[in-house]
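Colleague: I'm new to this one, so could you take me through a single part of it slowly? I'd like to look at a sheet.

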Amino acid sequence: MTPRSPRGIVVRLAAGVAALSFALVGCVAADGSALAPDLPSPEPGAIRVVATTTVLADLVARVGGSLIRVTSLVPKGGEIHTFDPRPATLVAISEASLVVVNGLGLDDPLTDLVGTVGSKGPVLRLGDALPPGSILVEEGLANPHAWLNVAHARSYVAAIATALEAILPAKASQIATQAAAFDARLAELDAWTRTQLAAVPQANRKVIVLHDAFPYFAEAYGLEVIGSVISTPGQDPSAGEIADLLAAIKSSGARAIFSEAQFSDKLAHAIADEARMVVESNLYDDTLGDAPADSYEGLIRWDVDRIVAALR
Amino acid sequence: MELVVDPLTHAFFVRAMLAAILVGTVCAVVGTYVVLKGLAFIGEAVSHAAFPGLVAAFVFKVPFLLGAGVAAVGTALGIGLVIRRTRIRTDTAIGVIFVGMFALGLFWYSAIKGFVADLFSFLFGNILAISTGDLVSLVALGALILVVVLVLWKELLYATFDPLAAAASGLPVGLLEYLFLVLVALTIVVSLQAVGIILVVAMLITPAATAQLLSIHFNRLMLLAVVIGVGGAILGLYASYWLNVASGATIVLVETAVFGLALVLGPRTGLASRRRRGTSAP
């Protein structure tokens, strides 16, 4: 055995590890912003705002315009339930002048994380801004996906505008103007969605969803959700639940099964094959997609086109 | 310099740093015994067995540390009991019990309606999301473990390396064995939040295993393990900040890389020293 001092070994180890880390720094690319390219870029002195999802981030960015720099905690295409925050995410939280969350059980772990890390500004819970009585509750749990009813998204926008005006009082009129312009576009989007869905024959309006993300959409635009395949993302249905679902499909004559792009569509196809249904597995709910579904408006138009095509 | 100081302006990073130092120290100290006793698989088992405890903590609304602690300690003692009282081999007993416990956790998790506290945060942990309250309880538990090891230093050492002689000299070897399992379980619980169920065993054994390549003297080995464990955790934490990647995985990768370097450069196993031996031979 060659005698060597442990100190010498430690020094050489440290040098080697340092070299390795610098090599690694070179090969990991920085992640870009997930938001739509048509958004104005933040002006110097823009305040930092954090939203939990890309959908909420887009709504916030439309209202705040160039006055704010928005970051979504869950990246585009990311799954909110299986999300592991990275260091830059936590830096964004700690520097945020406003944190926008949905609430209603969608992003509770993330809201807890914001509480733990601590942000500069307040937390705005958009679910609290919905008109009284409009929150859909099933088995004692609120369904969080309210923004898929465009009318509710307009409530969100109003709440975002109020919060931003309180933080930037000197810019209140600019924020109000931007919010009003965006709200007008959402009113138009709501009317367009209604027209599109009106083309679906009454007999074809029964649907199955993979995950229970569409009750607000269905309520607003006249679909009937017969059942969902998984109750909570990450929890696979039992054999008995699948049998019950197949029975419900048979007795209702449901026509299509809808699933979101970020989930595996294996289960949806298995059920659809057995019940002879159409599968549309490329919808978006809490995350934006690539263009043209890279903004809230784009997402709604994308989903509506596909839903109408599947049911016609 | 900015690279080093800048992250420290964020309170969450400072908390993570303190947790990394704590976890690095406690894991290295207990891990030294684990590695020398050849019980690495126990660490794996206990970490997975903590899962139903985390689910129970969520259901009964008690602190996660308590749920994980009860499940981990219970499993460790259960494994000890099966090993000592039956003819089943150690690895078999561990395999049966830990997968059973993990399945219990998954079963329970799937049975809770609307459970959105994410599975992934249990499996992978996040040292950056440690609150001040968490940190206080982690420090208390970590200090308890270190104090027990210090107080029972001689007894643990004796019972670890020469259990027969220790028993003959009147030491309660059986009791020490159970105590040791409890220490391992608590060490895992302290580290869970930092790196999660899947990676935690690396924190426990990798620094000690690296130290084992570099020294054969027990005290020096443990000291080296602590230096490697703490240094690796700090460097890994910084690297994850600079690269914006998952902290737990980065810490484990850094410690694994140090192990790899020790393997190549170490005085006894190292390829470098072997070459030197080869050339100096007559």
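What is the order of the strands in the open sheet of chain A, and what pairing do they have?

Modeller: Happy to, but keep in mind that this is a predicted model. The open sheet in chain A has 4 strands, and reading across it you get β2-β1-β3-β4, with parallel pairing. β2 (68–72) and β4 (123–125) of chain A are the edge strands: each has a single partner strand, so one side of each has no neighbour in the sheet. The strands aren't lined up exactly, either; on average, neighbours in this sheet are turned by 25° against each other, direction ignored.

Now look at β1 (residues 47–51) and β3 (residues 98–101) of chain A, which run parallel and are joined by 3 bridges. If you want a spot to zoom in on, find A:V50, which has A:V99 of β3(A) opposite. Then add a helix to the picture: α5 (residues 150–167) of chain A packs on the sheet and touches β1, β3 and β4 of chain A. The direction of α5 makes about 170° with that of β3(A).

From there, step back to the largest nonpolar core, which has 179 residues. Among those with the most contacts inside this core are A:V60, A:V100 and A:I160, along with B:A72 from chain B. Helix α10 (residues 173–214) of chain B gives the most to the core, 25 residues. In chain A, domain 1 (47–189) and domain 2 (195–311) each supply at least three residues to this core. As for B:A72, its contacts beyond four places in sequence include B:A50, B:A185 and B:I188.

Definitions and conventions:
Residues numbered from 1 in each chain as written. Chains lettered and ligands numbered in written order. Predicted model: local features only at pLDDT ≥ 70, side-chain atom pairs only at ≥ 80, totals over all residues. Core = buried A, V, L, I, M, F, W, Y, C linked by C-beta atoms within 7 Å. Buried ≥ 20, exposed ≤ 12 C-beta atoms within 10 Å, placed from the backbone. Helix = DSSP H or I, 4+ residues; strand = E, 2+ residues; numbered from the N terminus. Domains from an automatic or database assignment. Contact = placed C-beta atoms within 7 Å. Pairing = 2+ DSSP bridges. Axes fitted to C-alpha atoms, helices over the stretch in contact; angles between N-to-C directions.
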